[in-house]
Every structure is written in C-alpha cells, then in structure tokens.
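Biologist: Could you pull up the model so that we can go through it together? I have a handful of questions, and I'll jump around a bit.

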Amino acid sequence: MSTRRAPNAEVSPTALTFREAIRQAMSEEMERDDRVFLMGEEVGQYQGAYKVSEGMLERFGERRIVDTPIAEGGFAGLCLGAAMVGLRPICEFMTWNFSLVAFDTLINNAAKIRYMSGGQFTLPIVFRGPGGAAHMLGAQHSHALEGVYAHFPGLLVVVPSTPRDAKGLLKTAIRDDNPVVFIESEVMYGQKGDVPQNQELIPFGVADIKRPGTDCTIVTWSKMVGVCLDAARSLETEGLSVEVIDPRTLRPFDAETVLASVRKTNRCVVVHEGWDVASFGSWVADLVHREAFDHLDAPVERVCNADVPMPYAHSLEKAAMPDAEGVVAAVKRVCYK
Amino acid sequence: MSKNQANGARRDLLLRLYRQMYQIRRFEEASAKAYTQGKIGGFLHLGIGQEAVAVGAIAALRDDDWAIATYREHAHCIARGTPPREVMAELFGRIAGCSRGRGGSMHLFDASRNFLGGHAIVGGHIPLAVGCAFAAKYRSEDRVAMCFFGDGSASQGAFHEGLSLAALWKLPVVFICENNLYAMGTALYRSLSVEDVTAKALAYGIERDRFDGVDVLEIHDRIKVAVDRARSGGGPTLIEVRTYRFRGHSMADPAKYRTKDEVEMWKKRDALPAARRQLEEWGITDDELIALEAACETEVGESVRFADQSPEPPVEELYDHVYA
C-alpha cells in the first residue's frame, strides 16, 4: 500500500519527507565513504534549491559539499572525470531540465566510456535532482526525461515514488559502480512516508506492487504512482480492482513482475509523465504486447502528457498532465466498462 | 661532442623524444597504408607533423599523472607508453587492441598508463580532465591532469566551462591547445575572432603560454613549467602550441583548403628532422640514429603483423563492458 498517503496524525517516529529521505541517504553514504561528495548549484551555502541538502555543508564541509557556478556541462563533466579516477560523485542538477545542457557528458561520456574503453574504466556516479512538471513552471522547467535517459545503454535510471524507495534506492545508487540517473520530484519532496532506519538498500530491477488487484495492471512510476493510487481507490468504488506496479527503476526493468501481473489481470495501462511518442511507456506497452499477447483481453492503453510543450496557465497545464480521471477512463476502456 | 657535452641529460632526453616522434610518424604512415588497404575502418585522423607536441608534453608528466586527448590521439597514447602493437590492433578492431576493439582510432584508452582517451566530441573531454584534477586535490595528491585539444575546441562551451571551473578552484590541470590552424577545414581566422587562444586565459585569470611547436625540447621545457606549477598548487595553465598537420583532417580529406606553399613552409619547420639535426650536433652519429630508426621501423612493422594476426572480438562478448 502507499506510504505516501499516510495521514499526518498517524505518522510514526520514522516518518520522513521525501527530501529528508534523500538527505539521509546521501549523508549516511558520505559518512561511510570519504570518496562520496555532493556537487551542484546551491547545494551548500544556500542549503539546496529545494532544501534537499540542508545542513550538509555544516556537517561535511566545503571539501565535500561543493557549490558550483551555473555550468552544468562543466561540473557534470568534472564529476564524471573524478569518477573515472576513483571518486564517487553525487552530481545534483537543480532540476533535470538543466541536464540538457550537460547532455553530451551524460550520453557521450557517462554512457560510453566504460564500453568504448573495453571495460577499463568504472564510473561510480549518481546524477540526481527533481524531474517532471511541478506547478505552472512553463515549458522549459517541466520535462520528464526518464524515458530519454533510459534510451541509452550504459546508464541506469531510477525513478522512486516514496521516501522509503528514495532512500533505499539512492543508497544503492551511490554504492553502484555505474552511472545512475536518479530522478526525484519537486512535488514529492514534502510528502511523508515511513522509512526504515536501518541500512536498507533496495536493489535495482525489483518492482514494487504498490497496490494489489485483479482486474487491471497499471505500470507507473515517480509521482504518477500517487495519481494512479488515487485512480485505483476511485475504481474500487466502482467494483474494479486495480494492481499498481511501480518498477522503481527503468534500467534495469523488472519485466517479470509486470508480465506476471498482466497474465493475471489480462489488462494493462501504462501511466507516466512526458510525451507518448518514442517514450519509455511505449516500450513497456510493446513489451507487454509481445510477451503477454495471449493473455491480453484488450490492447495496452497509455496515459501521458498531451502532445504539446508544457503550457503555463493552470487550466492548460492541468489539461496537459496525466491525472486520476484520465487513468480511470483508460482502465475502464481496457476493462470494457 | 660540442658545447653541450656537459649536459648529457639533455641529449639523452632528446634522444628519447626523437625516438618516440620517429616511431609515431612511422606508425601513422603504416596506419595510413593499412587504411587504404581496408584494414582499418571508420575515421582515421593522422597527426603527422604534430608529433612533437604530444611527445614533448607527455614527457613532462609522471607516470601517475593523467593525460586525456581528442580523436587525433595515436601519438598521445603511444607517448604515454602503450605498446604500438596494442594501438595498431585497436585501429584494426581486434581483441588485442588497447580498448579491446570497442573503441577504434578515436577511442584509445589505457587505464594502466593513466591515459583516459580518445574522445570524439570536440571539447567534450575537457571537463573530464578538470575532474581528474579535482580528484587529485580532493585526495591531497600531487598529481596533474594534462588535457589536449585542438583549436576547434576553443569555440565550444565545454572548453570555457572546464577552464572556468579549473581556474575557480585552482585545480592542477594543464590545458594544451594543439593549434594546427584548422578546425577541420575551417581556417583559424574564419573560426576565432581572436586568434590567440591563450587570450581566453586572461578572462579566467590563469597562467598562459604560447609558442610554435617546432622544437620538441622547447615544448617539453615550457610545458614542464606549467606541470610543475600545477603540481605545486599554482593552478591551471592554458598553453597554445602552434603546429601543423601535413595530411588532411582525416584520410577522407585531401585538404584542398590549404595552399601548397603553406604546407611546404610548415614541412620545412618539421620538428622531427630538426631534432635529428640537433642530436647530430650533440654528437650522436648518423649510424646510431639509423640504428635507432631501423629499430622503430621494425617495431612498427611488427605492430601491423600483430594486429593482422589478432582475432576480432568474439561476438559472444558484444554485451560485455556496458555495465560494471
């Protein structure tokens, strides 16, 4: 079940916000390994543009919490170079939109150097920050880029939806020897959830069934998990039992859990931010069509952004985003209700 | 022996550098031949005429320093110590290549010799060098990163961002612009508003040096100043060495955008025969030099045979090395 919707009055002592979970993961890993450092814009003195790294400068000092100029291409490349020679950088993008300025380093360097050197170099680096739309940020600040990055072999792509997943997956990401694209969400940073206080590491490539169900499988990730859980509760009142599967990592992708669910429910809807065309969701739909064709009672549906750059106006932004109503409608279509 | 008899160390250094330059030139000529025979695929960017810069500069490094270069990097890789036969095998796309056949001419890597590639997006590797220097400072090591790039890179954002960060944090990196006067086929005056590349150093408040790369010892000495400065905490230096490639941008380029006179003028300034003349002046006999040259030619010939005989990477290994 979702930890995201736990009512505040019942929050246990281990409840953390999403941003606190990220901060704990980084801080714990920095405590145990001096090679880990955090670099990015406003991560230090400003205490983080979204306060994710609040207090970390005081705790770890300027050597390991490094404020940068506004130069994503430069500092992302710098971090990768440091990873090539043995450090374990956490490279923060204030938002993933700005990673587009560093796209060359992520794609031509991070995703390629190990392969094109014949395995001589190891690149233990995490690129992290918030992705997707928030509230009326306009076209240049609302990109959901996980599908873009998942396109490239050589990168791992992590898209957590709860504080617990965020912490456990980020710790795994920092300890992993590969370049990891770790996409958070500005909208989720304040959301609370229970987080175990032991050293929980959540492995990559293991989906989490956020809600079990029998009539339809929804595959979704990041903040769309919350939207889909809302839709699932609404559908329950109409007698439809929906299984919500959160792959948590797109690369590697836990196809088995998704396919096992579809073989049970015989129906599938894929929900994510970002555009439909050439998206990660299109690959998931294709996978389900190919691998579970005989089990499907309807073609796989997808719910994504409207095919426009993100508009500013509230009414238009709302219309452009996947929402619970749209998910409910898609589930009903595949269930022929 | 002449006036320089006292300085046997200088003579020995020049002899070593001459040997490397000679070997690299013969290596590149052999690779050009192999390319025309269809044994090498893709692009092949020769640095014939530019060898002295890589050889002189890399000789100023310690083994534990790092070097990183562009797609025109056969010389740098060999100067760093990678056996020519491993480089040739890489050009041939063979398993015995220094990148196990995954890289090719543009992506030579040798982690064991701290040679970090072999990068084919112009300027894209410059921040990587700055990252090595950052790591050195982070770990309180006195290691230095040396970054080679062409004049074309000076127009790229990555060049400026790399310089900016290195300057800001006083990182131990030496930026070496191998200015061969052409960004592919575009002459310098058509691509840079200020032809003095080191003018950019003023904007970032770092040290600079600028000279013609016609004397390998001078190249070594002047770059050594920057390496020592970086090592002792003095921060980065931007160095521009004017040089010239005698061939086109790649094997596909007949270089019709240059005049014969210009090419001939630079060939007269070739650092390779100049080094030989200096060695003779310092008392190395022609016979000794011929023996040294013959040894280089033998090694280059052997590298081609080695590459020819090395198997291609097995297809079962297609997916190896994508992830750690």
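Biologist: In which hand does α1(B) cross α2(B)?
Modeller: Bearing in mind that this is a predicted model, α1(B) passes α2(B) in a right-handed crossing.

Biologist: And at what angle do helix α1 and helix α2 of chain B pack?
Modeller: Helix α1 of chain B, which covers residues 8-36, and helix α2 of chain B, which covers residues 51-58, pack at an angle of about 140 degrees, and their axes are 10 Å apart. That angle makes α1(B) oblique to α2(B), because only angles over 145 degrees would count as roughly antiparallel.

Biologist: Which residues meet there?
Modeller: From α1(B) come Leu17(B), Gln20(B), Met21(B), Ile24(B) and Arg25(B), and from α2(B) they meet Glu51(B), Ala52(B), Val55(B) and Gly56(B). By character, the residues of this contact divide into 5 nonpolar, 2 polar and 2 charged.

Biologist: Switching to the two chains, how many residues does each one put into the contact?
Modeller: Chain B gives 33 residues to the contact and chain A gives 34 residues.

Biologist: Which elements on the chain B side supply at least two residues?
Modeller: On the side of chain B that touches chain A, β2 (115-118), α5 (126-138) and α6 (157-168) each supply at least two residues, and the largest share, 9 residues, comes from α5(B). That side of chain B is made up of 19 nonpolar, 10 polar and 4 charged residues.

Biologist: Does α5 of chain B turn up elsewhere, say, what covers the buried residues of α4(A)?
Modeller: The cover over the buried residues of α4(A) includes α5 of chain B, together with α3 (72-84), α5 (113-116), β5 (126-130) and α6 (146-150) of chain A. The buried residues themselves, in helix α4 of chain A (residues 103-110), are Asp104(A), Thr105(A), Leu106(A), Asn109(A) and Ala110(A).

Biologist: OK, now chain A as a whole: how many helices and strands?
Modeller: The secondary structure of chain A comes to 12 helices and 14 strands. Its radius of gyration is 20 Å, close to the 20 Å that the globule rule gives for 337 residues, so chain A is as compact as a globular protein of that length. The C-alpha trace of chain A spans about 60 × 50 × 40 Å along its principal axes.

Biologist: How much of chain A counts as buried?
Modeller: Of its 337 residues, 58% count as buried. As for contacts in chain A with a separation of 6 or more, 79% of them are accounted for by residues 24 or more positions apart.

Conventions: Residues numbered from 1 in each chain as written. Chains lettered and ligands numbered in written order. Predicted model: local features only at pLDDT ≥ 70, side-chain atom pairs only at ≥ 80, totals over all residues. Axes fitted to C-alpha atoms, helices over the stretch in contact; angles between N-to-C directions. Helix = DSSP H or I, 4+ residues; strand = E, 2+ residues; numbered from the N terminus. Parallel < 35°, antiparallel > 145°, perpendicular 65-115°, else oblique. Left-handed = near helix turned anticlockwise from the far one by under 90°. Contact = placed C-beta atoms within 7 Å. Nonpolar A, V, L, I, M, F, W, Y, C, P; charged D, E, K, R; others polar. Rg over C-alpha atoms; globule rule 2.2 N^0.38 Å. Buried ≥ 20, exposed ≤ 12 C-beta atoms within 10 Å, placed from the backbone.
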